[in-house]
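Student: I have a protein chain to study. Could you take me through it by question and answer?

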Amino acid sequence: MRAHPPAGRPDDGADDALFGLEDIDTGQASRARADAGPLFRDSPTARRLLSVRAVFAEPAAAASPRGRQVLARYPDAEIVPVASHWRIPDLHGNEGNVDRWVRIKTETLVLGEKKTLTTRPNGRSADWIAPGPANGCAMACAYCYVPRRKGYANPITVFTNIERTIAHLSRHIACLGPKPESNQCDPTAWVYDIGENSDCSVDALISDNVADLVRAFARWPAAKASFATKFVNPDLLLLDPRGRTRVRFSLMPQSDSKLLDIRTSPVESRIAAAGDFLDAGYEVHFNLSPVVLRPDWERDWSLLLRHMNDVLPARVKGQAAAEVIMLTHNKDLHDLNLGWHPRAEDVLWRPGVQQPKRSENGSWNVRYRGGVKAEAVATMRALVAAHAPWLRIRYAF
């Protein structure tokens with residue numbers, strides 16, 4: 001089976017389609033503010049992360065205003081019609097794609113419509129998990145859980161019907177009303193995680209989906225958006241979140257990040273961006289995650305926390321909080337990683353200190369054994385207290 005997009009424009013199998021992809025007017029890319037200057041998403045750095053050559057597209061998604069915006073950003077890309085964004089034979093389930101794992105993330109996008117809009121309760125990082133603006137990522141973190149269900153390829157799927165997502169969230173927030181009592185997610189606002197299955201900072205390089213969500217939450221006084229990120233996208237500083245979007249910069253020791261956080265922004269850059277994002281109107285928190293247990297992990301986390309304490313301005317420290325998340329891995333992902341990045345598995349796959357755990361979707365994951373995990377969580381709490389005592393831990397598990 002081929003591991004690259006087919007030539008030409010094959011029939012998408014929809015005999016009753018009212019249009020063909022070749023007839024679509026791709027329109028014009030949205031304009032930035034007149035005083036914004038060049039956008040980061042048009043920079044060589046962004047183009048290296050996403051140099052799109054093929055767009056697998058549901059016809060209705062490609063024909064939508066958001067779909068046309070995305071296609072206008074990549075005018076030279078081949079448009080490949082597909083019946084569904086979720087199961088694409090050239091991508092998902094194609095074992096031949098393993099050794100092209102990163103290239104597919106760089107050169108391929110998928111356009112689809114999110115058919116089912118569901119907001120799920122969470123209670124840890126956020127009160128609710130919202131329908132996200134995308135699925136998949138151009139980065140290639142070796143421990144990422146998102147590709148487990150797709151298999152062998154995990155490029156970004158942009159959901160083009162963002163207006164339905166915003167309408168859904170508006171109704172959900174209205175039904176809830178004001179938050180009745182404080183909890184560890186937030187004292188006054190209902191917190192909605194909008195980036196469970198993607199990195200919103202990267203998604204914002206492609207379309208205005210994330211910008212639309214940030215603007216929407218800025219108008220909803222009872223709610224707050226939240227997303228974790230490993231990528232610094234300065235274009236997000238041009239928005240006006242009005243304190244209603246929480247950015248959680250994910251951090252780990254740079255030695256771990258170099259091995260595991262493939263194609264992400266350097267950890268020091270994520271830390272350095274915190275002040276700028278706070279000044280732009282975001283709430284800024286940190287994810288200390290995943291905590292990977294390997295020789296000298298305590299020493300390296302100590303160095304990271306000391307660095308945060310040394311360089312972060314007082315205004316960031318005064319409002320910051322953190323989540324501490326121990327590594328959870330997966331047998332299928334372990335097998336996949338062996339095909340493209342086996343060195344990562346030297347630290348991620350440690351059966352001697354891990355045990356199986358059934359996930360919510362029914363698959364088998366592995367996590368650190370109970371006693372090992374409890375001791376590591378206690379150690380992380382002690383390290384934070386010693387080296388960054390201003391950093392409130394919202395939860396640790």
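Student: Which residue in β11 stands opposite S226?

Tutor: This is a predicted model, where local features need pLDDT of at least 70, side-chain atom pairs count only at pLDDT 80 or more, and totals for chains, interfaces and linings use all residues. Residues are numbered from 1 along each chain as its sequence is written, and side-chain values use heavy atoms, with hydrogens and water left out. Strand β10 (residues 223-229) pairs with strand β11 (residues 245-251) over 5 bridges, in the parallel sense. Opposite S226 in β11 stands R246.

Student: What counts as a strand, and how many are there in the protein chain?

Tutor: Helices (H or I, at least four residues) and strands (E, at least two) are DSSP runs, numbered from the N terminus. Two strands pair if DSSP finds at least two bridges between them. The protein chain has 15 helices, and its strands come to 18.

Student: Which strands stand at the edges of the sheet with 5 strands?

Tutor: The sheet is open, its pairing is mixed, and its order is β2-β1-β3-β8-β6. Inside that order, β1 (residues 54-57) and β3 (residues 108-112) run parallel, joined by 4 bridges. An edge strand has a single partner, so one side is left without a neighbour in the sheet. The edge strands are β2 (78-81) and β6 (134-135).

Student: Which are the edge strands of the sheet with 8 strands?

Tutor: This open sheet, also mixed in pairing, has the order β4-β5-β9-β10-β11-β13-β14-β18. Each edge strand pairs on one side only. They are β4 (120-121) and β18 (392-396).

Student: Where do the buried residues of α13 lie around the axis?

Tutor: Buried means under 20% relative accessible area (1.4 Å probe, protein chains only); exposed is over 50%, partly exposed in between. In helix α13 (residues 331-340), the buried residues are L333, H334, L336, N337 and W340. They cover an arc of only 165 degrees, taken from the directions from the helix axis to the C-beta atoms, which puts them on the same side of α13.

Student: Which residue caps the N-terminal end of α13?

Tutor: Look at the backbone nitrogen of D332. A side-chain oxygen lies 2.9 Å from that nitrogen. The oxygen belongs to N330.

Student: What pLDDT does the protein chain average?

Tutor: pLDDT is the predictor's confidence in each residue, from 0 to 100. Of the residues, 87% score at least 70. Over residues 1-32 the pLDDT is below 50. The average for the protein chain is 89.

Definitions and conventions: Contact means heavy atoms within 4.5 Å. A polar contact is a pair of N or O atoms within 3.5 Å; within protein, one must be able to donate a hydrogen and the other to accept it, and residues adjacent in sequence count only if both atoms are side-chain atoms.
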